2 protein chains.
Amino acid sequence: MAEANIKDYVVGVDLGGTKILAGIFNNSLECVTAAKLSTKPQRGVAKVIERIARCVQDAVDEADLSLKQVSAIGIGAPGSVNSAEGTVIFAPNMEGWKDIPLKKELEKLLGIPVFVENDCNIGALGVYAAELKSKPSSMVGIFVGTGIGGGIIINGELYGGAGHTAGEIGHMVLDINGPKCGCGNKGCFEALASRTAMFQQIKNAVKAGQKTILTEMLGPDLTDLRSGDLRKAIRKGDKFVDKVVEEAAEYIGIATANIINILNPEVVVLGGGVMEALQDEMMSVIVETARDYAMAGSMRGVEIVASDLGDNAGITGGAVLARRNAKP
Amino acid sequence: MAEANIKDYVVGVDLGGTKILAGIFNNSLECVTAAKLSTKPQRGVAKVIERIARCVQDAVDEADLSLKQVSAIGIGAPGSVNSAEGTVIFAPNMEGWKDIPLKKELEKLLGIPVFVENDCNIGALGVYAAELKSKPSSMVGIFVGTGIGGGIIINGELYGGAGHTAGEIGHMVLDINGPKCGCGNKGCFEALASRTAMFQQIKNAVKAGQKTILTEMLGPDLTDLRSGDLRKAIRKGDKFVDKVVEEAAEYIGIATANIINILNPEVVVLGGGVMEALQDEMMSVIVETARDYAMAGSMRGVEIVASDLGDNAGITGGAVLARRNAKP
């Protein structure tokens, strides 16, 4: 049984405001099993950390392994993270998460080295290592979901900047006279092209009398509207939803061009829940718009691709982070 | 006389569409003397390269030195540059400059190693080494002049990206419905806040009947309008010019915030001719607007400063490039 005790596995964790995902990854960076728990942030920070530990244990147990076979845990947390110290500086969507020593607390509970990063950074790392095989020197990941975030890889490493906050591309202003953003400014990328922005636009239009298949599908209040419903509506020929999604894709294309003009990365990867649901509808518009808006020379050698990792980008990146930091 | 032959000097050259500047720098990165020639790009590429060589020789002669005392030459060229090969890929403002082996040709004429970079990159390098003493790990230089360009330092090195075109921040879209830019898009940073943009706005307003001290100073056609004239007009109490400059400063502040949100660099430096002339009028508005628009956490540890190098940023950066690459 000696072999079974070799620390051949790592765990990647994606901590979100509503759910915790934990995945067990083998040496080939394959996810052998995953577990999910709701976050329940209202129960307080200590309880959430216990739930993270439980989710890890559930996943380990589900894979018929023991914690002794896990060499390290990598976790992505929403908000700003001091990765060197393993603390969550501030998580706007989880009450009480301010200067939380997540690494220390989780290590106490699990007895395994823990490494912490911002969720979008870790998502970018996951895409970079698992999908791009760590080949490009530079990459920017743009994650479009409830909000919009990004992660930047330079010289093969996550780039964090002066205060570990680099990659806040969702708050790049694209339209100075655009709609109000949650951050207080107007016309941020996130206020124009996130799931929240598209849903708000659709709901406002419906209230103002706009006809759409979505109300037939979900009722007049569009309860439980999801990105996948937009795809269904478009495939049923709903011109209105098609236009909303196309406009969001154009904004994503302009943001992509801005990033290419500034950073000229080898690869721009588009991921997140919206891209997962609407990749077929959005990608060609995004690429075409980015080509229109990027400087001619800046597009040379730059690839724009969609990630297929979807919700697994976070746990995959967590596994990469764990693998990179684990002692052999 | 052996001592005088020690290669203690480097030459920094700033090649622009209208003028060539060459500066002789000593070991302490002080400019001991400089020379200037007009570029005359209409005479053709070969003639311009000869003029660069002549400008270097003029500066060396003016400093009572000989070329033997120069260890290397660093040159900043407008447009996209392959710094590894020392070629100018494309310079939009100089006819015929396409795939020009500038390094090779200049080395033939001068017999000294030559290193080539994009002009904004080299300006950023000059500011970084001479003004910031190479201390920050990361820096972004924003140069506001006829156009707007940028240079990015990451981990103490110039960051070029996949195709050596990183730093094209002048073509970041800030206002999707804004004025048309020379690049064909609408609402680029450069179309909103460059000298060209401000002058255009002033000239259009004057044509439409706007009163301004500028017409008293320069005549109804505003012939030979310069950035310094805007400063004079503001100091004489011209509210209209004040507003134009303030609005441009706000756009520079928003662009600065976008850069901080994306890259979170330790330092953002504002340079170029417009900043040199209007630093006192613009800096407080720029800093205040950037603080308004940057994410709260993203501003932590980030400094926004004005460069005092002015027109000398290019030759200083050229000297730094030469010094870094020169064989000891």
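User: How many other C-beta atoms lie within 10 Å of Ala296(B), and how is the residue classed for exposure?

Analyst: This is a predicted model, so read every value as computed from its coordinates. The idea is to count neighbours: 20 or more make a residue buried, 12 or fewer make it exposed, and a count in between makes it partly exposed. Ala296(B) has 13 other C-beta atoms within 10 Å, so it is partly exposed. Its place is the loop between α9 (273-293) and β13 (303-306) of chain B.

User: How far is Ala296(B) from Ala319(B), in sequence and in space?

Analyst: The two are 23 residues apart in sequence, and their C-alpha atoms are 37 Å apart in space.

User: Which loop holds Pro113(B), and how far is that residue from Ala53(B)?

Analyst: Pro113(B) sits in the loop between α2 and β8 (114-118) of chain B. Ala53(B) is 60 residues away in sequence, with 13 Å between the C-alpha atoms. Leaving aside residues up to four places away in sequence, Pro113(B) touches Ala72(B), Glu107(B) and Ala326(B). Its count is 19 other C-beta atoms within 10 Å, so Pro113(B) is classed as partly exposed.

User: How do I check the length of a helix, for example α1 of chain B?

Analyst: Compare the expected span with the distance between the end C-alpha atoms. Helix α1(B) covers residues 45-62, which is 18 residues; at 1.5 Å a residue they should span 26 Å, and the end C-alpha atoms are 26 Å apart, which agrees.

User: Which residues of α1(B) are buried, and where do they lie around the axis?

Analyst: The general point is that an α-helix has 3.6 residues a turn, so residues three or four places apart point the same way. In α1(B), the buried residues are Val48(B), Ile52(B), Ala53(B), Cys55(B), Val56(B), Ala59(B) and Val60(B). They cover an arc of only 155 degrees around the axis, which means that they are on the same side of α1(B). Among the elements of chain B that cover these residues are the strands β1 (9-15), β2 (19-25), β3 (31-38) and β4 (70-77), together with the helix α2 (102-110).

User: Which helices of chain A pack against the buried residues of α5, and which residues of α5(A) are buried?

Analyst: Arg195(A), Ala197(A), Met198(A) and Ile202(A) are buried in α5(A). They pack against α4 (189-193), α6 (213-218), α7 (227-235), α8 (239-263) and α9 (273-293) of chain A. The length check works here too: the 13 residues of α5(A), 195-207, should span 18 Å at 1.5 Å a residue, and the end C-alpha atoms are 18 Å apart, which agrees.

User: Where do the buried residues of α7(A) fall, seen down its axis?

Analyst: Ser227(A), Leu230(A), Ala233(A) and Ile234(A) are buried in α7(A). They fall within an arc of 115 degrees, so they line one face of the helix. The cover over them includes α5, α6, α8 and α9 of chain A.

User: Where does phi turn positive just after a helix?

Analyst: Just after α1(B), Asp64(B) takes a positive phi of about 55 degrees. Gly209(A), just after α5(A), has a positive phi of about 105 degrees. Gly237(A) follows α7(A), with a positive phi near 95 degrees.

User: What is the phi of Asp99(A), and what is that of Lys40(B)?

Analyst: Asp99(A) has a positive phi of about 50 degrees although it is not a glycine. It lies in strand β7 (residues 98-100) of chain A. With 10 C-beta neighbours inside 10 Å, Asp99(A) counts as exposed. Lys40(B), not a glycine either, has a positive phi of about 50 degrees. Lys40(B) is in the loop between β3 and α1 of chain B, and is partly exposed, with 13 other C-beta atoms within 10 Å.

User: What operation lays chain B on chain A?

Analyst: Two copies of a chain are related by a rotation about an axis and a shift along it. Here a turn of 180 degrees and a shift of 0.0 Å along the axis lay chain B on chain A with an RMSD of 0.0 Å. That is the relation of a two-fold axis. The same surface serves both copies, since 100% of the contact residues of chain B recur in chain A.

User: How many residues are in contact between the chains, and which element of chain B gives the most?

Analyst: In the interface, 38 residues of chain B are in contact with 38 residues of chain A. On the side of chain B that touches chain A, β6 (87-90) and α8 (239-263) of chain B each supply at least two residues. Helix α8(B) gives the most, with five residues. That side of chain B divides into 19 nonpolar, 15 polar and four charged residues.

User: What confidence does the predictor give?

Analyst: Where pLDDT is low, the predicted coordinates should not be read in detail. Chain A averages a pLDDT of 94, and 98% of the residues score at least 70. The complex has an ipTM of 0.91 and a pTM of 0.93.

Key. Residues are numbered from 1 along each chain as its sequence is written. Chains are lettered from A and ligands numbered from 1 in the order in which they are written. This is a predicted model: local features need pLDDT of at least 70, side-chain atom pairs count only at pLDDT 80 or more; totals for chains, interfaces and linings use all residues. Two residues are in contact if their C-beta atoms, placed from the backbone, lie within 7 Å. Helices (H or I, at least four residues) and strands (E, at least two) are DSSP runs, numbered from the N terminus. Ala, Val, Leu, Ile, Met, Phe, Trp, Tyr, Cys and Pro count as nonpolar, Asp, Glu, Lys and Arg as charged, and the others, Gly among them, as polar. Copies are superposed by least squares on the C-alpha atoms of residues with pLDDT of at least 70 in both. pLDDT is the predictor's confidence in each residue, from 0 to 100. The expected span of a helix is 1.5 Å times one less than its number of residues. The arc is that of the directions from the helix axis to the C-beta atoms.
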